[in-house]
Amino acid sequence: MLLLLLLLLLLLLLLLLLLPLDILRQRQPQDARLSWRAGLQRRVARGALCWAAAWQQRRLEQSTQRAGRSQQQALRWCLQGVQRPRGPLWRTTDTNTFRNHLPLTKASQAQEEESGGQLLPPMSTQYYGEASLQATLLGLAALSKAYPEVLAPGGIACVTPTSPWPRPLPWPWHALGQVVRAPGAKHPGALLLEALRSPGLRALEAGTATELLDVFSGLEANGEELAEAMAAGNPGPPLPRRAAELREALELGPRGLALRLWPKLQVVVTLDAGGQAEAVAALGALWCQGLAFFSPAYAASGGLVGLNLWPEQPRGPYLLPPGAPFIELLPVKEGAQEEAASTVLLAEAQKGEEYELVLTNHTGLTRCRLGDVVQVVGAYNQCPVVRFVCRLGQALNVRGEDIQEDVFSEALGQAVGQWPGAKLLDHSCVESSILDSSEGSAPHYEVFVALRGLRNLSEENRDKLDHCLQEVSPRYKSLRFRGSVGPARVHLVGHGAFRELRAALAACPSSPFPPEMPRVLRHRHLAQCLQRRVLS
């Protein structure tokens, strides 16, 4: 890390020394001199980024080739950060001793939701910076390899105040001039307006897919206002022709809107976290149709747990690296998630098996079960490559039926597919006891959905969800047959309902980034955010 910083400092000094070199080019026109200096700066900056990414790639190769040793080093680092570890954990580097003397801890989903997803104390700036810098540089290298034209000057725009890159990009990235951004702009509207002024974008960035969904919804709602601001030159020079293009693109509807606005656009970059798959699907089917999606990493409470080195593959396979935070894998067996089980280390993971992630970082001596379930789909040297399946804390359970997040999403997708013209944008569920809505009836689910293409739900369409749930869950079907569980009640919410819910989640003092999107709400005040916005 020190060597990398020294190199970046040397390159920064080189860039600062470029200004006196203009004296040698005084006889050339001013525009030519500026172009020459900017070109040289970009070449130096690109070289610095390439070198830094290659160095991080070598580090990754070395650590994954010796995964066991690397995980021992990560464990030692975690224990060094804990004040006075007790008993046999004092100065241990043996992973078996660590696992035998420190029990697993499972935070409840309700605690996670109330705290905004903060299960583990945040990692220190120093080590989190190292892990996130590796994820950023390797993700950037993979992205530029898959889409070389993204690195053209002015080829990228971020339309949210937060960035999808785990760490603010190092100074050479700014010297390259790729990112289109208004100076000091933080409001999503100002960021979107600046992106709309640049028709040559190659990549569109947003903090998360759910945030990007809000951006496009806002674009449709406020499109005329944005067009007027662009035509009037507020801010920047007037662009009446671009404003007319915006109006024309909006008139054709949401499907393929991004490519109409930015014909050269190739990829959408967002940071993956829990509950983002539904937003990615909605964006891909409507506004961002025809575009690839890329997430440089998978973020969870306590740190980054996955690196994405394959932007050309859908649904983001992630490499679980052997550095900090210290990662263990708890085998998931159907119907036996609560049983005590032994964890395995990264090198011991088996292809095709599903595991729950267990994290330990240096700020708290806790082997925390995150609830995130992954399936091993391959290997990178001695480390597993995984896809995320579901979150165990997002299960529905009013009579012991235990319908997991992925099972419910499958049933909901089948039901929405039977609603003519409907496209699912977002959803969350509440068990009836949370809202006291089961008085005089059997306990049931309250399901809140945001749709595109359907303004009202008939009773026939509402009943289809309950039928689909019975098809995917025999246990639920049995409980429904006996009357122990009532039919699921579906509510259509208005525009902005889920944006209000996300704002309420983000308002929690300990809310991390990226915020996980809960699909099962355990607190009344959060459920009421959606209940207040019900249309039918």
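**Figure 1. Asn381, in the loop between β12 (364–380) and β13.** Welcome to the first close-up of this predicted model, in which local features need pLDDT of at least 70, side-chain atom pairs count only at pLDDT 80 or more, and totals for chains, interfaces and linings use all residues. Residues are numbered from 1 along each chain as its sequence is written, and side-chain values use heavy atoms, with hydrogens and water left out. The names of helices (H or I, at least four residues) and strands (E, at least two) refer to DSSP runs, numbered from the N terminus. Asn381 is not a glycine, yet its phi is positive, at about 55°. Most residues other than glycine have a negative phi. With 39% relative accessibility, Asn381 counts as partly exposed; here buried means under 20% relative accessible area, exposed over 50%, and partly exposed in between, using a 1.4 Å probe and protein chains only.

**Figure 2. Asp402, in the loop between β13 and α14 (405–416).** Here is another residue other than glycine with a positive phi, near 55°. Asp402 has a relative accessible area of 34%, so it is partly exposed.

**Figure 3. Two cis peptide bonds, each ending in a proline.** Most peptide bonds are trans. Asn234 and Pro235 are joined by a cis bond, with omega about 0°, and Pro235 sits in the loop between α10 (223–232) and α11 (240–251). A cis bond also joins Ala324 and Pro325, again with omega about 0°. Look for Pro325 in the loop between β9 (318–319) and β10.

**Figure 4. Phe98 and Phe326, an edge-to-face ring pair.** Searching the whole structure gives 8 aromatic pairs. In the pair of Phe98 and Phe326, the ring centres lie 5.6 Å apart and the planes meet at 85°, so the arrangement is edge-to-face. For reference, rings of Phe, Tyr and Trp (its six-membered ring) pair if their centres lie within 6.5 Å; planes under 30 degrees apart count as stacked, over 60 as edge-to-face and the rest as tilted. This pair links distant parts of the chain, 228 residues apart: Phe98 belongs to helix α4 (residues 95–101) and Phe326 to strand β10 (residues 326–331). Phe98 is buried, at 0% relative accessibility, and Phe326 is buried with a relative accessible area of 0%.

**Figure 5. Tyr298 and Phe388, a stacked ring pair.** The ring centres of Tyr298 and Phe388 are 3.6 Å apart and their planes stand at 10°, so this pair is stacked. Distant parts of the chain are linked here too, 90 residues apart, with Tyr298 in strand β7 (residues 297–300) and Phe388 in strand β13 (residues 383–391). Both Tyr298 and Phe388 are buried. Ring pairs also bring in Tyr318, giving a cluster of Tyr298, Tyr318 and Phe388.

**Figure 6. Tyr445 and its surroundings in strand β15 (residues 445–452).** Is Tyr445 buried or exposed? At 1% relative accessibility, Tyr445 counts as buried. Leaving aside residues up to four places away in sequence, Tyr445 touches ten partners that you can pick out one by one: Leu396, Val398, Glu401, Ile403, Phe408, Val430, Leu469, Tyr476, Ala488 and Arg489. A contact means heavy atoms within 4.5 Å. The side chains of Tyr445 and Glu401 are joined by a polar contact of 2.5 Å. A polar contact is a pair of N or O atoms within 3.5 Å; within protein, one must be able to donate a hydrogen and the other to accept it, and residues adjacent in sequence count only if both atoms are side-chain atoms. Cys429 is 16 residues from Tyr445 in sequence, and their C-alpha atoms are 6.6 Å apart.

**Figure 7. An open sheet of 4 strands that includes β15.** The strand order is β16-β15-β14-β17, with mixed pairing. At the edges are β16 (489–492) and β17 (520–521), each pairing on one side only. Two strands pair if DSSP finds at least two bridges between them. Strands β15 and β16 run parallel and are joined by 4 bridges. Across from Glu446 stands Arg489 in β16.

**Figure 8. Helix α3 (residues 67–80) from end to end.** How does the span of this helix compare with what its 14 residues should give? At 1.5 Å a residue, α3 should span 20 Å, and its end C-alpha atoms are 20 Å apart, which agrees. The expected span is 1.5 Å times one less than the number of residues. The buried residues of α3 are Ala67, Ser70, Gln71, Ala74, Leu75, Cys78 and Leu79. An α-helix has 3.6 residues a turn, so residues three or four places apart point the same way.
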